[in-house]
Amino acid sequence: MFGWKHGTGRPPAPEGDFGAGHEITGDAVESGMGRRMSGHDRADRRDEAVRAAVDQGLLGPGTPIVGLLDITGIREAATELRAAFDAVVAPGTPVLHAFAVKATPLVPVLRLLYREGIGAEVASPGELALARAAGIPPARTVLDSPAKTPAELRDALALGIAVNADNPQELDRIDGLMRSATSRSPIGIRVNPQVGGGSIEALSTATATSKFGVALRDEGAREWVVRAYADRPWLTRLHAHTGSQGIPLSLMAQGVAETYALAEEINRRLGRPQIDTLDIGGGLPVNFGSDETTPTYAQYARLLGEAVPGLFSGRYGLVTEFGRSLLAKHGTVVARVEYAKSAGGRPVAVTHAGVQVATRTVYAPASWPLRIAAYDGKGRPKEGPGVVQDVAGPACFAGDLLAEGRTLPLLEQGDYAAALDTGAYYFAHHYAYNSLARPGIYGFAPDGSGGVAFATVREPQSIDEIVAESGGAHADSLTTLRAPDRR
Ligand SMILES: *Cc1c(COP(=O)(O)O)cnc(C)c1O
């Protein structure tokens with residue numbers, strides 16, 4: 001029912017686990033808000049955009065792959081995030097929603113989110129530069145990363161960007177910088193509450209041996225943290241990010257609860273409210289199984305209010321760092337079917353979208369199944385009986401499949417296959433296998449007269465750029481390097 005009104009009229013039956021997205025279902029779908037979030041409008045907007053992309057020549061035989069971003073959907077997600085926390089926090093509580101830039105590192109997206117009241121969480125010099133290029137001020141920016149260099153730390157403190165120290169050695173470096181200059185940066189420590197992992201090991205940040213933060217349950221760690229705050233009046237924040245896709249909401253809430261309890265303990269033992277802000281990280285899972293948004297920010301905020309009484313009392317300012325949940329469902333990568341063939345009795349559609357735009361799905365298909373929508377050569381939703389088929393990418397290895405054994409209307413040469421929910425950690429995360437070019441990315445919105453307007457987010461990569469990025473300027477460097485004498 002959600003976006004699969006075409007073709008077979010039923011959703012595909014992808015193998016594998018769609019993560020924790022189905023864990024919470026509920027009232028949102030029935031409510032007025034739920035009507036909007038239930039995905040009908042989203043699917044309609046997507047269908048119109050694919051059609052318009054073909055009509056307007058963004059997509060065609062010469063440009064066989066494109067990434068599309070639903071500007072309306074992104075704006076709605078930002079509004080829902082802000083409203084969800086506004087509804088639960090005490091009036092006047094400072095709340096900064098900092099978008100995890102790594103989820104969709106595109107400057108126009110960061111600017112759009114900033115206009116919708118969302119700041120930036122950055123984790124590298126590149127991400128910080130993107131946030132600054134988008135015009136996001138230091139006061140709306142948070143720097144977290146497990147490997148900050150002294151230069152990065154110095155720059156962040158000079159700018160007044162909030163920094164979360166990952167470990168004791170990093171705190172030592174910050175000590176040195178704080179002795180030599182004053183900084184407006186709010187500074188915190190990242191802790192790992194070690195509450196456990198979820199269904200995707202690589203995205204579980206709160207396991208006993210996770211590389212992130214100070215492992216709170218390790219011997220002596222809690223005392224070290226308390227002392228660190230006692231010795232440094234400028235340490236005013238506490239940070240945890242307990243996971244991402246595949247983590248049950250209850251575990252995320254438990255991570256926040258442990259972090260809150262630690263802040264309470266530190267302030268109590270210090271006899272002063274030194275920790276004034278809790279950074280609760282991001283990690284809300286996304287439902288990759290339908291067009292429905294579930295869980296919602298409102299559900300998560302309510303759950304936090306129940307699981308961590310006091311969190312929203314107004315005694316702490318809040319920072320959140322959502323990434324995937326803000327962008328995933330608003331992106332679609334659409335690729336032309338170059339050839340349709342058959343192998344071993346199974347139809348195989350060879351498209352232009354594969355490992356270069358859907359790296360996680362191709363390498364870990366059981367953890368990251370994607371829905372595929374079929375469109376005809378004019379970009380219209382494809383009708384027809386469901387046929388079990390493979391949807392392959394252009395890369396030269398056998399596993400380069402967007403979907404294996406998926407039931408869809410038969411994809412034929414010149415049709416288009418769309419990989420849905422790819423607005424975060426997919427087409428904005430190009431993987432340069434086979435020197436495949438980065439596709440162009442366009443945002444779409446209603447044009448005001450019943451059609452669809454597109455805006456360039458990122459130009460497609462040119463072949464000249466590929467050569468330049470692959471050492472084209474140094475073609476002679478190896479052959480002219482003087483070789484040692486051979487005797
Ligand atoms: C990746 C990351 C996030 C965002 O995670 P999502 O699952 O995309 O919401 C937030 N905070 C930190 C520290 C991260 O590393």
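**Exercise 1. The enclosed space**

How many cavities of 30 Å³ or more does the structure hold? Work from the count to the lining of the largest cavity.

*Solution.* The model is a predicted one, and the structure holds 5 cavities of 30 Å³ or more. The largest cavity has a volume of about 150 Å³, and among the 17 residues that line it, Thr 293, Tyr 297, Ser 325, Lys 329 and His 330 are the closest to its centre. Sorting the lining of the largest cavity by class gives 6 nonpolar, 7 polar and 4 charged residues. Turning to secondary structure, helix α4, which spans residues 71-86, supplies the largest share of this lining, namely 4 residues.

**Exercise 2. The two leading pockets**

Describe the largest pocket and then the second largest pocket by volume, central residues and lining class.

*Solution.* Begin with the largest pocket, whose volume is about 610 Å³; of its 32 lining residues, Lys 102, Arg 190, Thr 205, Phe 212 and His 241 are the closest to its centre. Its lining divides into 8 nonpolar, 14 polar and 10 charged residues. Continue with the second largest pocket, which contains about 280 Å³ of space and is lined by 18 residues, with Pro 64, Ile 65, Leu 436, Ala 437 and Arg 438 nearest its centre. Here the division of the lining is 9 nonpolar, 8 polar and 1 charged.

**Exercise 3. The ligand and its surroundings**

Which pocket is the space taken by the ligand? Locate the ligand, list the residues that come nearest, and then examine individual atom pairs.

*Solution.* The ligand takes the space of the largest pocket. Around the ligand there are 14 residues, of which Lys 102, Ser 244, Glu 321, Arg 324 and Tyr 425 come nearest, and by class this shell has 3 nonpolar, 5 polar and 6 charged residues. Lys 102 thus appears in both listings, being one of the residues closest to the centre of the largest pocket and one of those that come nearest to the ligand.

Next, consider the polar atom pairs, for which a cut-off of 3.5 Å between N or O atoms applies. A polar side-chain atom of Lys 102 lies 2.8 Å from an oxygen atom of the ligand, while a polar backbone atom of Gly 283 is 2.8 Å from an oxygen atom of the ligand. With Glu 321, an N or O atom of the side chain is 2.7 Å from a nitrogen atom of the ligand. As a final step, take the exposed area: the ligand alone exposes 390 Å², and the protein buries 93% of that.

**Exercise 4. Backbone exceptions**

Where does Pro 295 lie, and where does Tyr 425 lie? Place each residue, then state its backbone geometry against the general expectation.

*Solution.* The expectation is that most residues other than glycine have a negative phi, and that most peptide bonds are trans. Pro 295 lies in the loop between β9 (277-279) and α11 (297-307), and the peptide bond from Thr 294 to Pro 295 is cis, with omega near 0°. Tyr 425 lies in the loop between β16 (416-420) and β17 (440-446), and its phi is near 60°, a positive value in a residue other than glycine. To link this with the previous exercise, note that Tyr 425 is also one of the residues that come nearest to the ligand.

Conventions:
Residues are numbered from 1 along each chain as its sequence is written. This is a predicted model: local features need pLDDT of at least 70, side-chain atom pairs count only at pLDDT 80 or more; totals for chains, interfaces and linings use all residues. Side-chain values use heavy atoms; hydrogens and water are left out. On a 1 Å grid over the protein atoms alone, a cavity is a set of points where a 1.4 Å probe fits but cannot get out, and a pocket is an open set with protein on both sides within 12 Å along at least five of seven lines; lining residues have an atom within 4 Å of a point. Grid points are joined across faces, edges and corners, and a volume is the space filled by probe spheres set on the points. Ala, Val, Leu, Ile, Met, Phe, Trp, Tyr, Cys and Pro count as nonpolar, Asp, Glu, Lys and Arg as charged, and the others, Gly among them, as polar. A residue is near a molecule or strand if one of its heavy atoms lies within 4 Å of it. A polar contact is a pair of N or O atoms within 3.5 Å; within protein, one must be able to donate a hydrogen and the other to accept it, and residues adjacent in sequence count only if both atoms are side-chain atoms. Accessible areas come from the Shrake-Rupley method with a 1.4 Å probe; for residues, only the protein chains shown count as cover. A molecule sits in a cavity or pocket if more than half of its atoms lie within 2 Å of its grid points. Helices (H or I, at least four residues) and strands (E, at least two) are DSSP runs, numbered from the N terminus.
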